[in-house]
Amino acid sequence: MPKRRRIDRQLHLDGLRWGGRRPGAGRPKTSRFVVHVARPAVSRREPVHVTLRVCEGLPSLRSKTVYPAVLRALQAVNPELGLRVVEHSAQRDHLHLIVEVEDRQALCRGMQGLSIRLAKAINRSAGRPRGKVFRDRYHVEVLRTPRQARNALGYVLNNLRHHLDQRGAPQYARDEVDELSSAPWFTGWSRRMRDQGTGPPPHPTPRTWLLRTGWQRHGRIDPGYVPPSGQVAKRPRKRA
């Protein structure tokens, strides 16, 4: 007997309807701090200014318990991964770094490892077993010119003056620098400091020309300099 031809019929499931808009459904909203775009290209000749912001509710990164843990985590970065921290500044809820990398891949890989190490150190020092520490992706500014490098150094090393100025708080003495940063060991100040850093510097000597000597084309940095608000490093103008 010939086989019966199979007829496919669409099954209708009664009672199932589109549920409408649900809370949390759909594409995640873009953060208001850092836009999720592709990281810029970077080479070993170009240092990078990185900013990391921590979540609300955590103790200040400048506290006596948290800052030493943060500094140890920064010093434990393995340069063989292609990322070297050369300057830093810790503020209440964010961390500024100037790093040198081999390429964009090394930047992403190195910052991923550093972020994990920092998160564990901050949680441990805050008495938290675990939990989210950084509220967004890190912000990146590639330094391509001597002026950009100088602006970034002044902004990072004197970042505390910047925030004191924003709050209208009194500034500290012009011959003093922020002790909770690598500023006491910085050798590019325009005049002698009251308290130089004691012991070995917290970070290795820069390798890039921009951080060694290139930035000094625009003059040494005044330790009393107050970084302005807005863009940290001016981008080079495009040629007509």
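This is a short walk through the structure, stop by stop, for you to follow in your viewer.

**Before you start**

Keep in mind that the model is predicted. Colour the chain by pLDDT: the average is 85, and 79% of the residues score at least 70.

**Stop 1: the sheet**

Switch to cartoon view and find the four strands. They make an open sheet, ordered β2-β3-β1-β4, with antiparallel pairing. Which strands stand at the edges? Select 83–90 for β2 and 139–142 for β4: each has a single partner strand, so one side of each has no neighbour in the sheet. Turn the view to look across the strands, and you can follow a twist that averages 20° from one strand to the next.

**Stop 2: β2 against β3**

Now add residues 94–101, which are strand β3. β2 and β3 run antiparallel and are joined by seven bridges. For a landmark, show Ser-89 and His-96 as sticks; Ser-89 stands opposite His-96, which is in β3.

**Stop 3: a histidine in α4**

Select 159–167 to pick out helix α4, then highlight His-163 within this helix. Is His-163 buried or exposed? With a relative accessible area of 16%, His-163 is buried, because the cut-off for that label is under 20%. Beyond its neighbours within four places in sequence, His-163 is in contact with Gln-91 and His-94. His-94 takes you back to β3, as that strand covers residues 94–101.

**Stop 4: the cysteines**

Show Cys-55 and Cys-108. Cys-55 counts as buried at 16% relative accessibility, while Cys-108, at 31%, counts as partly exposed. How many disulfides are there? The count comes to zero, going by a cut-off of 2.5 Å between cysteine sulfur atoms.

**Stop 5: out to Arg-217**

Next, go to α5 at 209–212 and carry on into the segment after α5, where you'll find Arg-217. Its relative accessibility is 64%, so Arg-217 counts as exposed. Setting aside residues up to four places away in sequence, Arg-217 touches Pro-146 and Trp-209. Try a distance label from Arg-217 to Arg-150 as well: their C-alpha atoms are separated by 8.9 Å, though the two residues are 67 apart along the chain.

**Last stop: where to be careful**

Select residues 30–36, where pLDDT stays under 50 and the model has 14 contacts beyond four places in sequence. Then select 233–240: pLDDT stays under 50 here too, with ten such contacts. Where pLDDT is low, the predicted coordinates shouldn't be read in detail.

Methods: Residues are numbered from 1 along each chain as its sequence is written. This is a predicted model: local features need pLDDT of at least 70, side-chain atom pairs count only at pLDDT 80 or more; totals for chains, interfaces and linings use all residues. Side-chain values use heavy atoms; hydrogens and water are left out. Two strands pair if DSSP finds at least two bridges between them. Helices (H or I, at least four residues) and strands (E, at least two) are DSSP runs, numbered from the N terminus. Axes are lines fitted to C-alpha atoms, for helices over the stretch in contact, and angles run from 0 to 180 degrees between N-to-C directions. Buried means under 20% relative accessible area, exposed over 50%, partly exposed in between (1.4 Å probe, protein chains only). Contact means heavy atoms within 4.5 Å. pLDDT is the predictor's confidence in each residue, from 0 to 100.
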